[in-house]
Amino acid sequence: MLTVRNLSSRVLKPASFAVASGTCVAVQGPSGAGKSVLLRAIADLDPAAGEVALDGRPRESMPAPRWRRSVTYVAAESGWWSETVAGHFPDPTAAVPIFSELGLPAAALDWPVLRLSTGERQRIALVRALLLHPRVLLLDEPTSALDPEATALVEARLRREQGRGCAILIVTHAAAQADRLAARRLLVEDGAVREAA
Ligand SMILES: Nc1ncnc2c1ncn2[C@@H]1O[C@H](COP(=O)(O)OP(=O)(O)OP(=O)(O)O)[C@@H](O)[C@H]1O
């Protein structure tokens, strides 16, 4: 269970909600409303006041890198620090089965990052996060550049993550995707977060 209480920042108005293990919550709202800011604040990537806890354990009780491995943020545009795809994986062979699940060929490990399409980047960034076996996935528009087939593959994988108890917060502008994946919706408007009816 991820618990957020009075989480606030320069952009974010105090937000309180919980996401149970194995459930998915869609985060929706207009462009610039604060959806990414919310996810980044939960992941402890930007300064924010308030309390965030995982299964009752406050995030202050663990080192920040450990928190971010358990509560993993996948940005809309991820960072890359190595020339090839394989350079982003401590154990590239472990990535191969998930590549396949997401419709990526194993050969993509040898590709230079520079040649990757936006949709390939999105999926490979997701693989990086999945290999951490996080307790919570914070996904920022993870399928915005994908065709319907690849989107379906990603959604199937996310359902499996839920099945193993992962809690998911997914920012999506696609109402149909929220319907398919999420049991609840959070609406972000002008930095304020509320439960959608
Ligand atoms: N570090 C920051 N300091 C000040 N303002 C910021 C910071 N980061 C983002 N903002 C602003 O906060 C607002 C919310 O940004 P955010 O990226 O969360 O929007 P969003 O809801 O994710 O939008 P989109 O759907 O377009 O991705 C924007 O006006 C943005 O310019």
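1. Two strands count as paired if DSSP finds at least two bridges between them. By that rule S1 and S2 form a hairpin, with six residues between them. The model is predicted. Strand S1 covers residues 2-8 and pairs with S2 in the antiparallel sense over four bridges. Within this pair, Val-4 has Phe-17 of S2 as its bridge partner.

2. The hairpin belongs to a wider sheet. Four strands make up an open sheet in the order S2-S1-S4-S5, with antiparallel pairing. Its edges are strand S2 (15-19) and strand S5 (57-58), each of which pairs on one side only. In general, strands of a sheet pair through backbone hydrogen bonds, either parallel or antiparallel.

3. Next, the pairings of S4. S1 and S4 are joined by five bridges and run antiparallel. Here Leu-2 has Leu-54 of S4 as its bridge partner. Strand S4 (residues 49-54) also pairs with S5, antiparallel, through two bridges. Leu-54 appears again in this pairing, opposite Arg-57 in S5.

4. Arg-57 deserves a closer look. The residue is part of strand S5. Is Arg-57 buried or exposed? Arg-57 has 12 C-beta neighbours inside 10 Å, so it counts as exposed. The cut-off for exposed is 12 or fewer. Along the chain, Arg-57 and Leu-2 are 55 residues apart, yet their C-alpha atoms are separated by 9.4 Å. Both residues stand opposite Leu-54: Leu-2 through the S1 and S4 pairing, Arg-57 through the S4 and S5 pairing.

5. A parallel pairing occurs elsewhere. Strand S6 (residues 71-74) and strand S7 (residues 136-140) run parallel and are joined by four bridges. Val-74 of S6 faces Leu-139 in S7. In a regular strand, side chains alternate between the two faces of the sheet. In S6, Val-71 and Tyr-73 point one way, while Thr-72 and Val-74 point the other way. Residues on both sides of S6 are buried.

6. Now the ligand. Which residues surround the ligand? They are Arg-10, Val-11, Gly-29, Ser-31, Gly-32, Ala-33, Gly-34, Lys-35, Ser-36, Val-37, Asp-46 and Val-188. By class, this shell holds four nonpolar, five polar and three charged residues. Helix H1 (residues 35-42) gives the most to the shell, with three residues.

7. Helix H5 (residues 148-163) passes a simple length check. At 1.5 Å a residue, its 16 residues should span 22 Å, and the end C-alpha atoms are 22 Å apart, which agrees. Thr-151, Val-154 and Leu-158 are buried in H5. These three cover an arc of only 65° around the axis, so they sit on the same side of H5. What does the face turned away from the buried side carry? That face has the exposed residues Glu-149, Ala-156, Arg-160 and Gly-163.

8. Two backbone angles call for inspection. Asp-44 is not a glycine, but its phi is positive, about 65°. Asp-44 sits in the loop between H1 and S4. With 17 other C-beta atoms within 10 Å, Asp-44 is partly exposed. His-133 also has a positive phi, about 50°, although it is not a glycine. The loop between helix H4 (118-130) and S7 holds His-133. His-133 counts as exposed because it has 12 C-beta neighbours inside 10 Å.

9. Then a proline in a helix. Pro-97 lies in helix H3 (residues 92-101). Why does Pro-97 count as exposed? Because it has 11 C-beta neighbours inside 10 Å. Pro-97 and Pro-134 are 37 residues apart in sequence, and their C-alpha atoms are 17 Å apart in space.

10. Last, the annotation. An unreviewed UniProt entry lists residues 2-197 as "domain: ABC transporter". In the model, this span is 31% helix and 25% strand. Its end C-alpha atoms lie 21 Å apart.

Methods: Residues are numbered from 1 along each chain as its sequence is written. This is a predicted model: local features need pLDDT of at least 70, side-chain atom pairs count only at pLDDT 80 or more; totals for chains, interfaces and linings use all residues. UniProt positions are given in the numbering used here, feature names are shortened, and annotations may be inferred rather than shown by experiment. A residue is near a molecule or strand if its C-beta atom, placed from the backbone, lies within 6 Å of it. Ala, Val, Leu, Ile, Met, Phe, Trp, Tyr, Cys and Pro count as nonpolar, Asp, Glu, Lys and Arg as charged, and the others, Gly among them, as polar. The expected span of a helix is 1.5 Å times one less than its number of residues. A residue is buried if 20 or more other C-beta atoms lie within 10 Å of its own, exposed if 12 or fewer, and partly exposed in between; C-beta atoms are placed from the backbone. The arc is that of the directions from the helix axis to the C-beta atoms.
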